[in-house]
Amino acid sequence: MALKSGGLKILQVVLPGDEVLQFSPNGNNERIILGPGLRWHENNICATRSGLLKKASKNFYYVDSHQKRYIPHEKEFVIGIILRKKGDNYLIDIGGNEPGTISCLAFENSSKKSRKEMKPGDLIFGQLLVANRDMEPELVCIDVFNKTVSMESLPDDGIMFTVPLHVARMIVNPENIYLMSIAKKINYTVIVGFNGRVWLKTEKQRDMVAIMNCIMMLEFMSLEEAEKNVFRLLDSFLVPVQH
């Protein structure tokens, strides 16, 4: 089986423990990237959960399953909710089994004299630096050059909503033009976390509701169907209410 959907190639159905690929770092010239649901061991790549094995651009492989609970993975970008301060760290709800943490110094221009101050309920967009079974997830909002690269605390003038994890992965795929199609009609800012959280900002509340509905519709229709009907969907949500 090898079907294409919105720039993604669906390779096969896999179960935990299935050997899906063989890859030797010494014998292959091309580099591959393993996403959620896959693990490399002794030149074999095995599935760690059931679902659809998919391949995106630049040899990026992952297992797509319609799970509800987010399982943290290193290097994934997530939207977190500040729970409380704990010493020099903040505890963050990232939608997993346990909260993550972020250091007060893990922000651009933060130092011991000028630490980042946040309060419970604040939203942040960051990257998972540590994510394994033996340690609590750790986030950062800076890259190796101590720059934010769009990772930061999110302004209060936007709204956050949740989508299924497979929808979040679908819309962050760089080959997916669905969000770009919406941008042809409405100016907006959107940030998507792999943990199924979406932050959205528009000038008009009506536009915000329309985009939210268009994104949430992806749970019930294929990407191809959504792309064909995106403008009709937008128009239906933007119709003014008659009094």
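Let's start with charges: a search of the whole structure, which is a predicted model, finds 5 salt bridges. Side chains of opposite charge can pair when their charged atoms come close. Three of these pairs make good stops on a tour.

One of them joins Asp-93 to Arg-197, with the closest N and O atoms 3.1 Å apart. Asp-93 sits in strand E10 (residues 89-93) and Arg-197 in strand E17 (residues 197-202), so this salt bridge ties together parts that are 104 residues apart in sequence. The two partners have their own surroundings. Asp-93 is partly exposed because its relative accessibility is 27%, whereas Arg-197 has a relative accessible area of 8% and is therefore buried.

Strand E17 comes up again in the next pair. Here the side chains of Asp-157 and Lys-201 meet in a salt bridge, at 3.0 Å from N to O. Distant parts of the chain are linked by this pair, since Asp-157 belongs to the loop between strand E14 (152-153) and strand E15 (159-162), while Lys-201 lies in strand E17, 44 residues apart. Asp-157 counts as partly exposed, with a relative accessible area of 43%, and Lys-201 is partly exposed at 31%.

The third stop is the salt bridge between Asp-122 and Lys-119, whose side chains meet at 3.1 Å, N to O. Is each partner buried or exposed, or something in between? The cut-off for buried is under 20% relative accessible area. Asp-122 has 15% relative accessibility, so Asp-122 counts as buried. Lys-119 has a relative accessible area of 47%, which means that Lys-119 is partly exposed.

Now step back and look at the whole chain. The chain has 4 helices and 17 strands. Of its 243 residues, 44% count as buried. If you take the contacts with a separation of 6 or more, residues 24 or more positions apart account for 62% of them.

Helix H1, which spans residues 165-172, is a good place to look at burial up close. This helix is mostly covered, with 7 of its 8 residues buried. Those buried residues are Leu-165, His-166, Val-167, Ala-168, Arg-169, Met-170 and Ile-171. What do the buried residues of H1 pack against? Their partners are strand E8 (60-64), helix H2 (178-183), strand E16 (188-192), helix H3 (205-216) and helix H4 (223-238).

Follow the chain onward from H1 and you reach Asn-176, placed in the loop between H1 and H2. Asn-176 counts as buried because its relative accessibility is 8%. The side chain of Asn-176 reaches the backbone nitrogen of Tyr-178 at 2.8 Å.

Next, let's turn from atoms to empty space. Rolling a probe the size of a water molecule over the atoms shows where empty space is left. The largest pocket holds about 1400 Å³ of space. It is lined by 37 residues, and those closest to its centre are Leu-34, Gly-35, Pro-36, His-73 and Glu-74. Several elements each supply at least two residues of this lining: strand E4 (33-34), strand E5 (38-41), E8, strand E12 (123-132), strand E13 (135-140) and H1. So what kinds of residue line the largest pocket, by class? The lining has 18 nonpolar, 8 polar and 11 charged residues.

Our last stops are in loops. Ser-24 is found in the loop between strand E3 (19-22) and E4, and Ser-24 is partly exposed, with a relative accessible area of 22%. Along the chain, Ser-24 and Asn-44 are 20 residues apart, and their C-alpha atoms are separated by 8.0 Å.

Beside Asn-44 in the numbering comes Asn-43, whose place is in the loop between E5 and strand E6 (44-47). Asn-43 has a positive phi of about 70 degrees although it is not a glycine. With 34% relative accessibility, Asn-43 counts as partly exposed.

Lys-75 also has a positive phi, of about 75 degrees, without being a glycine. You will find Lys-75 in the loop between E8 and strand E9 (77-86). Is Lys-75 buried or exposed? Lys-75 has a relative accessible area of 63%, so Lys-75 is exposed.

Conventions:
Residues numbered from 1 in each chain as written. Predicted model: local features only at pLDDT ≥ 70, side-chain atom pairs only at ≥ 80, totals over all residues. Heavy atoms only, no water. Buried < 20%, exposed > 50% of the residue type's maximum accessible area, 1.4 Å probe, protein only. Contact = heavy atoms within 4.5 Å. Polar contact = N/O pair within 3.5 Å; in protein donor to acceptor, adjacent residues only side chain to side chain. Salt bridge = Lys/Arg side-chain N within 4 Å of Asp/Glu carboxyl O. 1 Å grid on protein atoms, 1.4 Å probe; cavity = no way out; pocket = protein on both sides within 12 Å on 5 of 7 lines; lining within 4 Å. Points joined across faces, edges and corners; volume = space filled by probe spheres on them. Nonpolar A, V, L, I, M, F, W, Y, C, P; charged D, E, K, R; others polar.
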